[in-house]
Amino acid sequence: MVGKSVSMAVSLGGIQMKNPLNTASGTFGYGWQFESFFDVSQLGAITTKGCSAEPWEGNPAPRLAELPSTIMNSVGLQNPGVASFARQSGPYLSKLDERGCAVICQVAGHSIEEYVRAVELYEELAPFASGLELNISCPNVSAGGAAMGATPAAAAEVMRAVRGRTRLPLVVKMAPHDVAEIARALESEGADALSLINTIPGMAIDVRTRRSRVSRPTAGVSGPAIHAIAVRMVWEAHQAVRIPLCGIGGVTSGADAAEFILAGATAVSIGTANLTNPDCAPRILAELQDWVASQGVNDVNDLIGAFEC
Amino acid sequence: MASARNELHEFEVLRNEELAQGIWRLVLHAPRLSEGIRPGQFMNLEVPGDNSHILRIPLSFSRADAGAGVVELVYAVVGEGTRRLSQMGPGAVSTLVGPAGHGWRLPSAGPVLLVAGGVGAPPVIAAAEMLSLAGLEFDAIFGAQTAARLWGPERAHDLGARRVAITTDDGTAGVRGFTTQAMERLLATEEYAQVMTCGPLPMMAGVVRLAQASGLSCQVSMERMMGCGFGACNCCNIAAAHGGYKSCCMDGPVFGAEELAW
């Protein structure tokens with residue numbers, strides 16, 4: 001294997017990662033579900049499933065449909081609440097942190113008050129967290145009809161409310177629209193990093209029954225088919241802000257991850273591929289490392305944003 | 001019964017043959033899986049060759065032989081994924097994730113009434129194997145649209161079923177009608193300790209109603225479209241009896257009927 005001497009360590013807004021690979025929230029459970037498939041501590045970071053201050057039931061069944069090269073989900077952030085999460089998964093996540101894999105915990109909420117409360121609970125109950133990811137872009141929860149971070153002003157308002165509540169690095173998970181404007185608003189309110197993209201709202205209609213194939217009219221589309229869109233949006237955000245980015249969308253190979261890095265991402269999350277090929281992360285990491293070496297550099301940081309028009 | 005952890009297994013196809021119209025038997029060489037899998041558990045298979053279909057196919061098994069290292073699945077061709085699965089010939093290799101979920105709980109006493117509808121037959125046959133091994137008496141009802149799509153009664157006979165009733169929608173085998181009608185007839189004359197069922201949702205709802213009306217506990221094997229099959233994505237939820245949801249892949253696929261909302 002080439003690339004043994006290549007430095008893969010990155011800092012995602014203060015979250016120290018030994019390599020750029022992370023996992024997309026909602027596709028990796030709380031981490032321990034994957035230990036029977038590979039040694040999770042090989043990853044630079046994991047991002048745990050979003051949790052809110054209080055438990056959420058999530059959306060009715062069916063929550064999943066399969067489409068060409070994609071799936072669409074309408075889980076609606078089902079979660080046990082931060083306190084139960086910390087009690088159940090805390091011991092595993094503390095050990096994972098000790099094993100050298102950063103733990104990023106995702107924060108969910110319907111309102112500014114709920115985000116603030118969830119952040120405070122993580123501060124109190126999640127000493128294993130190296131950072132928090134603020135999910136202001138889930139397409140499957142209603143908050144007055146739109147995701148909380150749908151406009152630059154609304155995204156900034158959430159960020160302003162939570163910034164003072166934690167000293168942990170704050171990553172903000174962004175929706176797949178108006179990326180440059182919203183990224184600038186978040187940066188100016190103190191976001192340490194941005195992760196993008198969340199799933200793209202889509203529809204799938206059963207024409208026989210005229211009903212949605214999931215329990216709500218729209219759901220979040222993910223998987224290989226959205227990769228090119230996500231790379232473009234990371235590139236747009238990279239041109240708009242100076243804070244680091246985590247690229248998310250349809251990564252199934254080292255080359256897919258490398259595209260995000262060239263477009264300007266410091267870290268890259270594996271999402272849907274975790275579900276379908278639960279042992280894919282170590283392979284993608286090895287491929288990424290080989291690619292860095294093949295580019296004639298000693299440090300992956302030299303390739304961030306190195307895309308040439 | 002402690003079961004093995006969900007793991008990624010490589011498998012090789014030994015045989016893949018059509019048993020009845022659209023009903024296929026797949027025999028896999030997967031030694032570690034054959035040792036760990038329990039009746040009612042399932043596995044998530046990858047059918048290679050088409051990257052545009054990204055999800056694995058969750059399938060229950062009908063029989064595992066740890067000595068020979070083989071696992072036998074009976075499945076219905078219902079969509080593109082299972083159609084391509086039916087084209088995997090001897091020697092073809094791929095991967096599966098399993099053993100997944102919680103299987104049938106062994107009843108403490110018999111006799112047990114098994115009720116299978118359509119593609120629900122394989123896990124019911126796995127239950128029959130379990131009962132047979134445990135020396136518990138059982139009767140079995142098999143329903144299908146038509147005789148050509150019926151599978152299971154012979155295996156149930158071979159496993160020592162006391163009675164095997166058959167219903168078909170068109171009357172081409174057994175009695176014309178539904179499994180629930182056959183169940184009512186048996187309940188009128190026979191005493192059972194428990195009911196175990198797998199089949200289409202409306203059928204299982206009917207079986208659960210009849211069982212509960214007779215004061216019988218009932219286990220149901222549920223089916224859901226699955227993202228991962230090991231508790232990471234929360235996509236395979238089922239409405240629970242007292243609000244909220246159960247996870248089909250982690251809490252099931254076999255549930256006590258009283259756990260779910262019908």
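This is a short walk through two helix pairs and the contact between two chains. The model is predicted, so please read what follows in that light.

Let us begin with helix α6 of chain A, residues 254–263. This helix is mostly covered, with 9 of its 10 residues buried. The buried residues are A:Gly254, A:Asp256, A:Ala257, A:Ala258, A:Glu259, A:Phe260, A:Ile261, A:Leu262 and A:Ala263. What do they pack against? Their partners in chain A are two helices, α5 (227–240) and α8 (280–294), and two strands, β15 (245–248) and β16 (267–270). Just after α6(A) comes A:Gly264, and its phi is positive, near 125 degrees.

Among those partners, α8(A) deserves a second look. The axes of α6(A) and α8(A) come within 8 Å and cross at roughly 55 degrees. Because angles between 35 and 65 degrees fall in the oblique range, α6(A) is oblique to α8(A). The crossing is right-handed. On the α6(A) side, the contact is made by A:Gly254, A:Ala255, A:Ala257 and A:Ala258, and α8(A) answers with A:Ile284, A:Glu287, A:Leu288, A:Asp290 and A:Trp291. Sorted by character, the residues of this contact comprise 6 nonpolar, 1 polar and 2 charged. The spacing along each helix is worth a glance with this in mind: an α-helix has 3.6 residues a turn, so residues three or four places apart point the same way.

Now move to another pair in chain A, helix α2 (residues 112–125) and helix α3 (residues 152–163). Their axes come within 9 Å and cross at roughly 35 degrees, and α2(A) passes α3(A) in a right-handed crossing. Which residues make the contact? From α2(A) they are A:Ile112, A:Tyr115, A:Val116 and A:Val119, while α3(A) brings A:Glu157, A:Val158, A:Ala161 and A:Val162. Here 7 residues are nonpolar, none is polar and 1 is charged.

Finally, step out to where the chains meet. Chain A puts 27 residues into the contact and chain B puts in 24. On the chain A side, the elements that give two or more residues are the strands β5 (64–67) and β6 (70–73) and the helix α7 (272–276). Of these, α7(A) gives the most, with 4 residues. The side of chain A that touches chain B divides into 10 nonpolar, 13 polar and 4 charged residues.

Conventions
Residues are numbered from 1 along each chain as its sequence is written. Chains are lettered from A and ligands numbered from 1 in the order in which they are written. This is a predicted model: local features need pLDDT of at least 70, side-chain atom pairs count only at pLDDT 80 or more; totals for chains, interfaces and linings use all residues. Axes are lines fitted to C-alpha atoms, for helices over the stretch in contact, and angles run from 0 to 180 degrees between N-to-C directions. A crossing is left-handed if the near helix is turned anticlockwise from the far one by less than a right angle, and right-handed if clockwise. Two residues are in contact if their C-beta atoms, placed from the backbone, lie within 7 Å. Ala, Val, Leu, Ile, Met, Phe, Trp, Tyr, Cys and Pro count as nonpolar, Asp, Glu, Lys and Arg as charged, and the others, Gly among them, as polar. A residue is buried if 20 or more other C-beta atoms lie within 10 Å of its own, exposed if 12 or fewer, and partly exposed in between; C-beta atoms are placed from the backbone. Angles under 35 degrees count as roughly parallel, over 145 as roughly antiparallel, 65 to 115 as roughly perpendicular and the rest as oblique.
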